[in-house]
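Hi there,

Here is the structure I promised to pass on. My notes follow below it.

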Amino acid sequence: MAKPRQGLPGNSGHMHISLVDESGANLFVRESRDPSPPYPDLAYISDIGRHFLAGILSGLPDIMPIVAPTINSYKRLVENFWAPVTVSWGLEHRAASIRVISPPTCSGKGTRFEIRVPGADVNSHYVLAAIVALGWRGVEKKLDIPIPPLPKGEDVGGSADKGERLAKNLKEAVARFTAKESVAREALGDDFVDHFGGTREHEIRLWEEAVTDWYVLFFFLLRSLHLVSRSDLANECSLFRYCREQLLPLPRPSPPGTYLPTENPLRHGNFAASRQVPQPGTRHGIPEQT
């Protein structure tokens, strides 16, 4: 699961990749430093490595359902949680979508690219196949890297990040994945894209029909019980957090005909009587946020 807990970073499934020839030599590294690279971060990356990197960067937005295949995947891919949210890269940059690992920070044989977008919920075989397909497409077409590297110390999504924002949800990702002009169709073939895209559309339909605990908490506890004014949004959010912490798990629905005792605080008529009298420095009996 990519994001099992709200408010904490998710679970990643980063993929490291390099290419070697028949003798085992790393094809991503140069024999000596390039005196005039297009970007300093590429000084030790070979021409094949640069084209391979360009292929991944140019096709990454179109293969998002492979590297982020579930509804939950996109709960992880949000700002400020150490997850990449844009098409971005950089030498030893641990916030970018692709972290370039090469000399002088490692040995030549250890040169590789770390693809940081995948989460723990991916099919690793699909991810590896998609990365190789995109990278080799870049080599065959001799693509140039489309964006500058993310400067050290800069986070994704900032003013220095020139990359495109990746899909924010599975529905947006699938629409781009299955589009007629999608790079995914060129790299992976129409049959796979149509079939896999169809499975993701099925998950989207299931999600759109689902009613989760969030709705139960928010509407039942806040709307039905009328504990706060509808206009007092800030305090309503505080109360929601309080209810989630104090009243979970919610009681299971009672069988038809079951009598609910009057002291049950979730009954409309007795909740007001059962809650504590508000104390100074609180609103509705709940400590003010500081």
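To start with a term: buried means under 20% relative accessible area, exposed over 50% and partly exposed in between, with a 1.4 Å probe and protein chains only. This is a predicted model, in which local features need pLDDT of at least 70, side-chain atom pairs count only at pLDDT 80 or more, and totals for chains, interfaces and linings use all residues. Residues are numbered from 1 along each chain as its sequence is written, and side-chain values use heavy atoms, leaving out hydrogens and water.

Asp161 caught my eye. This residue is buried but has no salt bridge (a side-chain nitrogen of Lys or Arg within 4 Å of a carboxyl oxygen of Asp or Glu). Arg165, the nearest side chain of opposite charge, is 8.2 Å away (Lys and Arg count as positive, Asp and Glu as negative; His and the chain ends are not counted). The Asp161 side chain does reach the backbone nitrogen of Gly163, at 3.0 Å. Leaving aside neighbours within four places in sequence, Asp161 is in contact (heavy atoms within 4.5 Å) with residues including Thr86, Leu150 and Val156.

Now the core. The largest nonpolar core (buried Ala, Val, Leu, Ile, Met, Phe, Trp, Tyr and Cys residues joined through side-chain atoms within 4.5 Å) has 46 residues, and Phe52, Leu53, Met64, Trp89 and Phe113 have the most contacts inside it. Not counting residues up to four places away in sequence, Leu53 touches Leu42, Trp89, Ile98, Val100, Phe113 and Ile145. Another core, of five residues, lies apart from that one, and Val156 is among its members.

Best wishes

Note on methods. Polar contact = N/O pair within 3.5 Å; in protein donor to acceptor, adjacent residues only side chain to side chain.
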